[in-house]
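The following exercises ask the reader to work from the sequence and the structure together. Each task is followed by a solution in steps.

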2 protein chains.
Amino acid sequence: MSGPAGTLWLVPNTLDFGTEGIPPDLQEVLPLGVIRTAARLGHWVVENARTTRAFLKRVDAVVPLAQPLQAISIVELPRAHKGPARSAAADLTPLLAPAGQGHDLGLMSEAGMPAVADPGAALVQAAHARGIRVVALPGPSALLLAVAASGLNGQSFAFVGYLPVDAAERAARIRELEARSRRDGQTQLVIETPYRNAALLGALLAHLEPGTRLSVGCGLTLPSGFTRTDAVRGWQARPTTLPGDVPVVFSLLAA
Amino acid sequence: MSGPAGTLWLVPNTLDFGTEGIPPDLQEVLPLGVIRTAARLGHWVVENARTTRAFLKRVDAVVPLAQPLQAISIVELPRAHKGPARSAAADLTPLLAPAGQGHDLGLMSEAGMPAVADPGAALVQAAHARGIRVVALPGPSALLLAVAASGLNGQSFAFVGYLPVDAAERAARIRELEARSRRDGQTQLVIETPYRNAALLGALLAHLEPGTRLSVGCGLTLPSGFTRTDAVRGWQARPTTLPGDVPVVFSLLAA
């Protein structure tokens, strides 16, 4: 229990959303302290209620939930368009009402850290505007794991979200990111909807310079996960087929 | 045990490096699976051998080490200058020799995720060049926690390291980052040596536009930690004094 106003806890989810097979034990990827916090929260705002209920069942197997799952309030964020979080957004203040009533509140994404590469940032912004304490809890982030395992520049890197789907626009954007990477020595990270993984890899290999280094962080934290980093010319000479059902982070650093 | 060649495991450290008082239980911030991996490794390459030994003692309190601490090989990375990781580096191949002999190898930073905002990326790069499997394990990252808790744009953000110490160069760099943030709608993250936290905050408030939003992620994961996000004019009207002994991540997003 906190004081007069509740705290907004940003609770990381696992990275196995949508993947097949038996999910790994929650303790493989989440600290016990985070699982304990998740187990005691009675109010959630989430990207997807169904995946949050599945998460809470996994929590319950490690630390019993403080109340029955059916008694826990789980409210979904309004669907957001992909794109910059600063675009016009719905007023999310009503979602923070439990915090105003002294209840701690959890924010959860479908995968990884909430409010990173997902629509949750607007809720965090609304919390700061109302003076509600915000605490982010440690856990898996595909972006950070990808940067670390890439061996590319980890002292300057940028995550820029999704690339355009239109082929010509995507090619132009790839060249723009490569030029920026060259100018600033900055690693550039992009993500894609899993079923387009192979198409995006093809586009990157078609439009990047042969000497640019490209890292693919595939299914990170999953048993089948791997990271391959190679120059574009190495990828072209020794292709890797990417699965279409697990998340991939693509990182590039121009020579 | 792995196959013919060992794996390079990137093991996240806690974020309480250099802070006073009793460190929190490792299980508050690290998954049990990560602690288990750390407990079985007999070979490490690290930023600082002393802090790695302290970390392994904390591991041992949760999962007994597979061998006595004195029998574990801990080799320090060559000291690197601050700056882009792509600058000329020593040949790190000899440090990977245990992996060539079939031993798993751990890489550890003084705080947070190795090879992010630290000199470890060169070792990861050398591992990829030799075909050694690289696996990054989930854990706390001050950068990711700061982005999430900031409420600023988490769909496009860049970490750019340290700012220049020289006042005029620092002011110019602050204005450059603000201009880039405005142009791309991209959150810009910087860090500073803790004793310069207050000076950097002062410089940011002196040189950013009043409407730019500034987030300070202070001592993240520590009991005293907090995140404040406000417009620059709000910071100026209601100052916060930053401690000089805990790490801070500064994030800005131009209006």
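**Exercise 1.** Determine which residues of helix α1 (residues 32–40) of chain A are buried, and against which elements they pack.

*Solution.* Step 1: in this predicted model, the buried residues of α1(A) are Leu32(A), Val34(A), Ile35(A), Thr37(A) and Ala38(A). Step 2: within chain A, these buried residues pack against β1 (8–11), α2 and β4. Step 3: from chain B, α1 (26–29) and α2 also take part in the packing.

**Exercise 2.** Classify Ile35(B) as buried or exposed, and list its contacts.

*Solution.* Step 1: locate the residue; Ile35(B) belongs to helix α2 (residues 32–40) of chain B. Step 2: count its surroundings. Ile35(B) has 23 C-beta neighbours inside 10 Å and therefore counts as buried, the cut-off being 20 or more. Step 3: leave out residues up to four places away in sequence; Ile35(B) then touches Leu26(B), Leu30(B), Val59(B), Val62(B) and Val63(B). Step 4: for a distance along the fold, take Met108(B), which lies 73 residues from Ile35(B) along the chain, with 13 Å between the two C-alpha atoms.

**Exercise 3.** Describe the surroundings of strand β2 (residues 43–46) of chain A, beginning with its two faces.

*Solution.* Step 1: recall that side chains in a regular strand alternate between the two faces of the sheet. Step 2: on one side of β2(A) are His43(A) and Val45(A), on the other Trp44(A) and Val46(A); all are buried, and both faces are thus covered. Step 3: examine the pairing with strand β3 (residues 73–76) of chain A, which runs parallel to β2(A) and is joined to it by four bridges. Here Trp44(A) stands opposite Ile74(A). Step 4: follow the chain between these strands. It passes from β2(A) through helix α2 (residues 49–60) of chain A to β3(A), a β-α-β crossover that is right-handed. Step 5: examine the pairing with strand β4 (residues 105–108) of chain A, which is also parallel and has three bridges. In β4(A), Trp44(A) has Gly106(A) as its bridge partner.

**Exercise 4.** Explain why Leu56(A) counts as buried, and state what it touches.

*Solution.* Step 1: Leu56(A) is placed in helix α2 of chain A. Step 2: Leu56(A) counts as buried because it has 20 C-beta neighbours inside 10 Å. Step 3: apart from residues up to four places away in sequence, Leu56(A) touches Leu65(A), Leu69(A) and Ile72(A).

**Exercise 5.** Identify the residues with the most contacts inside the largest nonpolar core.

*Solution.* Step 1: this core has 149 residues, and those with the most contacts inside it are Leu10(A) and Leu10(B). Step 2: beyond its neighbours within four places in sequence, Leu10(A) is in contact with residues including Leu107(A), Met113(A) and Val135(A) of chain A, and with Ala148(B) and Ala149(B) of chain B.

**Exercise 6.** Establish how chains A and B are related.

*Solution.* Step 1: a turn of 180° with a shift of 0.0 Å along the axis lays chain A on chain B with an RMSD of 0.0 Å. Step 2: the two copies are therefore related as by a two-fold rotation axis. Step 3: the same surface serves both copies, since 100% of the contact residues of chain A recur in chain B.

**Exercise 7.** State how confident the prediction is.

*Solution.* Step 1: the model scores ipTM 0.94 and pTM 0.95. Step 2: chain A has an average pLDDT of 93, with 95% of the residues at 70 or above. Step 3: over residues 82–87 of chain A, pLDDT stays under 50. Where pLDDT is low, predicted coordinates should not be read in detail.

Notes: Residues are numbered from 1 along each chain as its sequence is written. Chains are lettered from A and ligands numbered from 1 in the order in which they are written. This is a predicted model: local features need pLDDT of at least 70, side-chain atom pairs count only at pLDDT 80 or more; totals for chains, interfaces and linings use all residues. Copies are superposed by least squares on the C-alpha atoms of residues with pLDDT of at least 70 in both. Two residues are in contact if their C-beta atoms, placed from the backbone, lie within 7 Å. A residue is buried if 20 or more other C-beta atoms lie within 10 Å of its own, exposed if 12 or fewer, and partly exposed in between; C-beta atoms are placed from the backbone. pLDDT is the predictor's confidence in each residue, from 0 to 100. A nonpolar core is a set of buried Ala, Val, Leu, Ile, Met, Phe, Trp, Tyr and Cys residues joined through C-beta atoms within 7 Å. Two strands pair if DSSP finds at least two bridges between them. A crossover is right-handed if, with the strands pointing away from the viewer, the path from the first strand over the helix to the second runs clockwise.
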